[in-house]
Amino acid sequence: MFNTALSWSDLAFLAQGAGMTLAVTAVSVAAGTVLGILFGVIRFQVGPYWAAPLTFVLDVFRSVPLLIQLVLGNALQAIMKLGWAPFTTSCVVLSLYTAAYCTEIVRGGIDSVPTNTRRAARSLGMSWFQDMRYIVAPLAVRVSLPSWIGLTLGVMKDSALVLWLGLIELLRASQILVTRLQEPLFILLICGAIYFIISLPIARLGGYLEKRWSPND
Amino acid sequence: MIEIENVRKSFGSLEVLKGINLTVAKGEVVTIIGGSGSGKSTLLTCINGLEPIDSGRIKIDGTEVHARSTDLNKLRQKVGIVFQQWNAFPHLTVLENVMLAPRKVLGLSQEKAEEIAVKQLTHVGLAEKLAVYPNRMSGGQQQRMAIARALAMSPTYMLFDEVTSALDPMLVGEVLDTLRMLASEGMTMICVTHEMKFAREVSDRVAFFHQGVMAEIAPPEQLFDAPQNAETKKFLAATH
Ligand SMILES: Nc1ncnc2c1ncn2[C@@H]1O[C@H](COP(=O)(O)OP(=O)(O)OP(=O)(O)O)[C@@H](O)[C@H]1O
Ligand SMILES: [Mg+2]
């Protein structure tokens with residue numbers, strides 16, 4: 001079929017890179033989502049005035065290119081003598097980056113729940129927390145899910161930038177093989193296919209949940 | 001008993017309630033009529049503490065609603081409220097909508113909460129709709145569900161804020177019938193409404209609000225047939 005020098009051990013090397021991409025993405029999206037929910041709720045609760053400092057910081061994370069954030073983050077942790085491994089630094093920076101976007105998604109989701117629906121919950125004697133837990137959360141999740149999936153897929157691709165800190169993730173692994181084997185098109189094709197395959201479950205999850213919820217909205 | 005004493009409330013520089021006094025006794029039905037922006041909805045949301053007030057007092061069975069020491073979540077179990085729209089929890093079935101608060105707020109068992117929910121939904125004529133999601137029902141059915149949901153908490157008082165004004169004319173009747181039924185059962189109610197015929201029928205007293213002031217309050221025959229206040233006369237003339 002293909003006349004290629006690519007060996008099984010090279011494929012295993014790519015798989016390892018994919019593993020690193022998945023690990024960085026999973027940690028960052030998980031931590032970024034938790035932080036994003038926290039910040040989003042705070043932003044919604046305290047109003048634009050009191051949330052201004054938080055909003056400012058998050059805007060910085062949203063507007064400065066991720067590559068710069070990674071490099072600066074790495075320099076900062078070195079200056080502060082934190083002694084973080086590149087993996088840790090990458091995850092911390094990517095988490096904050098994810099959190100910055102997730103905050104907006106969460107705030108928008110909470111915003112989408114009509115005031116009277118929430119008042120109805122509170123007027124039945126539900127506490128703020130019960131309202132959040134049983135009414136706001138499920139409704140906001142339905143509204144926010146498509147954006148959140150988009151964010152997750154974006155972070156997965158953006159995570160390639162951690163190669164600048166020396167992590168061998170999927171893209172870096174492909175680059176190494178390209179340099180060695182001089183078969184750029186074939187290897188990048190495989191690399192792209194792997195990105196596609198690991199993205200697929202997340203993209204599908206969105207479609208599945210939307211379908212499951214659609215009769216009730 | 002609901003006692004409203006000299007309640008004032010502003011949104012920013014706009015004074016929406018300018019010293020409201022009103023006492024509603026157990027079993028009484030008071031309807032509030034008045035022009036748009038006169039403060040009717042605001043008063044209802046102040047009564048169950050959804051909105052703070054600037055001065056004055058609101059007491060429910062002697063408990064001051066806006067006192068710091070008042071447990072509002074507990075107090076609200078006594079005071080049901082139904083709004084004009086967006087009452088339904090759209091992600092829950094009709095039965096789940098009604099069961100949620102009895103389960104989570106009153107801490108009732110699944111069986112007990114379901115028993116109460118089914119009873120109330122049957123009461124408002126929705127026994128066939130238990131497993132349906134709200135968006136599959138008409139506006140009138142959704143409003144009746146909201147009433148059943150409030151009733152499932154066994155409130156002493158019910159507040160209704162223009163519960164029919166977002167409905168097609170065809171559907172207004174069924175909701176008003178539900179309110180009539182509650183009134184005839186002796187429920188203490190404050191209803192904000194634009195339905196003058198209904199107000200005349202069910203009310204013990206009708207209050208007319210004008211620009212944040214309760215301009216007039218009287219039994220329906222008197223308020224509708226022999227209004228004293230010039231603004232009331234104008235309003236009634238405009239609505240007929
Ligand atoms: N949350 C709020 N923030 C600022 N202004 C408000 C708020 N709620 C109500 N208002 C204003 O207060 C005034 C009284 O409103 P309210 O809803 O009590 O009137 P209403 O008598 O119920 O009118 P309608 O018949 O149109 O429902 C209006 O001018 C309204 O714009
Ligand atoms: Mg109103």
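Okay, quick bit of vocabulary before anything else: a residue counts as buried under 20% relative accessible area, exposed over 50%, and partly exposed in between, using a 1.4 Å probe and protein chains only. By that yardstick B:K26 is exposed, because its relative accessibility is 54%.

Now the housekeeping. This is a predicted model, so local features need pLDDT of at least 70 and side-chain atom pairs count only at pLDDT 80 or more, while totals for chains, interfaces and linings use all residues. Residues are numbered from 1 along each chain as its sequence is written, chains are lettered from A and ligands numbered from 1 in the order in which they are written, and side-chain values use heavy atoms, with hydrogens and water left out.

Let's stay with B:K26. Which residue does B:K26 form a salt bridge with? That's B:D61, and the closest N and O atoms are 3.9 Å apart. For the record, a salt bridge here is a side-chain nitrogen of Lys or Arg within 4 Å of a carboxyl oxygen of Asp or Glu. In sequence the two are 35 residues apart: B:K26 is in the loop between β2 (14-24) and β3 (29-34) of chain B, and B:D61 is in the loop between β4 (55-60) and β5 (63-64). When I say helix or strand, I mean DSSP runs numbered from the N terminus, H or I with at least four residues for helices, E with at least two for strands.

B:D61 has a second partner, by the way: its side chain also meets B:K78 in a salt bridge, 3.0 Å from N to O. B:K78 sits in the loop between α2 (72-75) and β6 (79-82) of chain B, so this pair ties together parts that are 17 residues apart in sequence. As for exposure, B:D61 is partly exposed at 30%, and B:K78 is partly exposed too, at 28%.

For a local example, look at helix α7 (residues 196-202) of chain B, where B:E201 and B:K197 lie four residues apart, about one turn of the helix. They form a salt bridge with the closest N and O atoms 3.7 Å apart. B:K197 is exposed at 63%, whereas B:E201 is partly exposed at 42%. Over in chain A, salt bridges that share partners join A:R43, A:E104, A:R107 and A:D111 into one network. How many salt bridges does the structure hold over all chains? 20.

On to ligand 1. The residues around it include B:F11, B:G37, B:K40, B:S41, B:T42 and B:E162, where being in that shell means having a heavy atom within 4 Å. The largest share of the shell, three residues, comes from α1(B). By type, the shell divides into three nonpolar, seven polar and two charged; Ala, Val, Leu, Ile, Met, Phe, Trp, Tyr, Cys and Pro count as nonpolar, Asp, Glu, Lys and Arg as charged, and the others, Gly among them, as polar.

Oxygen atoms of the ligand come to 2.6 Å from a side-chain N or O atom of B:S41, 2.5 Å for B:T42 and 3.0 Å for B:E162. The protein covers 60% of the 640 Å² of accessible area that ligand 1 has on its own, computed by Shrake-Rupley with a 1.4 Å probe.

Last stop, A:R118, in helix α5 (residues 115-123) of chain A. Buried or exposed? Buried, because its relative accessibility is 12%. Leaving out residues up to four places away in sequence, A:R118 touches A:F44, A:I110, A:V113, A:W128, A:D131, A:M132 and A:V136, with contact meaning heavy atoms within 4.5 Å.

Key
Polar contact = N/O pair within 3.5 Å; in protein donor to acceptor, adjacent residues only side chain to side chain.
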